[in-house]
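This report covers selected local features, a helix contact and the nonpolar cores of one model. The structure is shown first, and the notes follow.

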Amino acid sequence: MPPRHRRLFQLAFFALFLIAPALDWLRFDLHEAQLWFLGQRWTLGIDDFRAGRIDATQAALGILLKGFLPGLLAVAAFLAVAWRWGRVYCGWLCPHFSIVELLNATLHRACAKWSLWDRSATPRDDRPADARWWPVFFVLSALFGALWAITLLSYLLPPAEVWGGLVHGTLTPNQARFLAIGTAVFSAEFVLARHLFCRFGCAVGLFQSLVWMANPKGLVVAFNRAQARDCQGCATQRFGQGAACDRGCPMRLHPRDIKRRMFSCVQCGQCLQACDESQSARGRAPVLEWRIGADAVRETLRQRREDRGG
């Protein structure tokens, strides 16, 4: 799938993340201790067993077939995708990473940095920094922090109760505390450590990376070192100073590096787009490309030889 379609996937999954509890597609109701899935009550048969409507064998089968087995299959399918394509969920679907990229771009408009912790600016030729974007960055961080807290609470309580309590001011003390603390924590994370969390703090991303690193046939960004000279003078409309693939990476990586140093790559393809834009303007083939399967194995072996100086 071309990287240019990535935003559509992100927007669609973000919308799904927000509306799923309201439609009972996925949520756990703490009041009833009841899981809802695809509009249906997902029960294991424990209540029927207590009421004497089913025996112990049927109850055990219900727990196995409707509890453990679906969970194992979901985890296996998720890791199978990561095994072949890496952290594609993070780069193409994850609603948190969608916000991270938006806030990165907003902060960059304010100070030409992707993070408050960047030592130096990474200016864009087509968009000079403008201090008037600072309030926008902080307001967006706070709004998304509040939205995150509200949405997570709606996965645990009926969404109508949560939103109704907000509108009418009838939240319980526990609900108000959850939303206040959650908003503060998420807002602080969005302001200070959003991409650091994605790289080092997210368990979902970490397990994807571990599985992907173990597979030499997994999708990788390959650098054609035979054309390394073409990187000289690399420039795009956004990054006229060169190294456009490095400057545009949302995870602060160096795409021309070897795989084991690309542990947190989210396969967003932005480095490939930058390379293609730069090289196409000079009538050359891009030096970065995606490789998978046997081509990825050859790339990994070549990287190991070069890393050893062989």
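Arg-229 sits in the loop that runs between β4 (220-223) and α11 (244-247). The model is predicted. With a relative accessibility of 69%, Arg-229 counts as exposed, because the cut-off for exposed is over 50%. Between Arg-229 and Gly-293 there are 27 Å in space, taken C-alpha to C-alpha, and the two are 64 residues apart in sequence.

Two alanines have a positive phi, a value noted here because neither residue is glycine. The table sets out their backbone angle, loop and accessibility.

| Residue | Phi | Loop | Relative accessible area |
|---|---|---|---|
| Ala-33 | near 50 degrees | between β1 (26-29) and β2 (34-37) | 56%, exposed |
| Ala-112 | near 65 degrees | between α5 (95-111) and α6 (134-154) | 9%, buried |

Ala-33 is exposed at 56%, whereas Ala-112 is buried at 9%. Burial requires a relative accessible area under 20%.

Next comes the packing of two helices. Helix α3 (residues 56-85) and helix α10 (residues 203-213) have axes that come within 7 Å and cross at roughly 55 degrees. That angle makes α3 oblique to α10, because it falls outside the ranges for roughly parallel (under 35 degrees), roughly perpendicular (65 to 115) and roughly antiparallel (over 145). The crossing of α3 and α10 is right-handed. On the α3 side, the contact is made by Phe-78, Leu-79, Ala-82, Trp-83 and Trp-85. On the α10 side, Val-204, Phe-207, Gln-208, Val-211 and Trp-212 take part. Of the residues in this contact of α3 with α10, nine are nonpolar, one is polar and none is charged.

The nonpolar cores remain. Which residues have the most contacts inside the largest nonpolar core? They are Phe-97, Cys-198, Met-251, Leu-253, Cys-265 and Val-266, in a core of 15 residues. Leaving aside neighbours within four places in sequence, Phe-97 is in contact with Arg-6, Gln-10, Cys-90, Gly-91, Cys-198, Pro-250, Met-251 and Val-266. Cys-198, Met-251 and Val-266 thus appear both among the core residues with the most contacts and among the partners of Phe-97. A second core, separate from the largest, has 13 residues, including Ile-99, Leu-103, Phe-144 and Val-191.

Key:
Residues are numbered from 1 along each chain as its sequence is written. This is a predicted model: local features need pLDDT of at least 70, side-chain atom pairs count only at pLDDT 80 or more; totals for chains, interfaces and linings use all residues. Side-chain values use heavy atoms; hydrogens and water are left out. Axes are lines fitted to C-alpha atoms, for helices over the stretch in contact, and angles run from 0 to 180 degrees between N-to-C directions. Helices (H or I, at least four residues) and strands (E, at least two) are DSSP runs, numbered from the N terminus. A crossing is left-handed if the near helix is turned anticlockwise from the far one by less than a right angle, and right-handed if clockwise. Contact means heavy atoms within 4.5 Å. Ala, Val, Leu, Ile, Met, Phe, Trp, Tyr, Cys and Pro count as nonpolar, Asp, Glu, Lys and Arg as charged, and the others, Gly among them, as polar. A nonpolar core is a set of buried Ala, Val, Leu, Ile, Met, Phe, Trp, Tyr and Cys residues joined through side-chain atoms within 4.5 Å. Buried means under 20% relative accessible area, exposed over 50%, partly exposed in between (1.4 Å probe, protein chains only).
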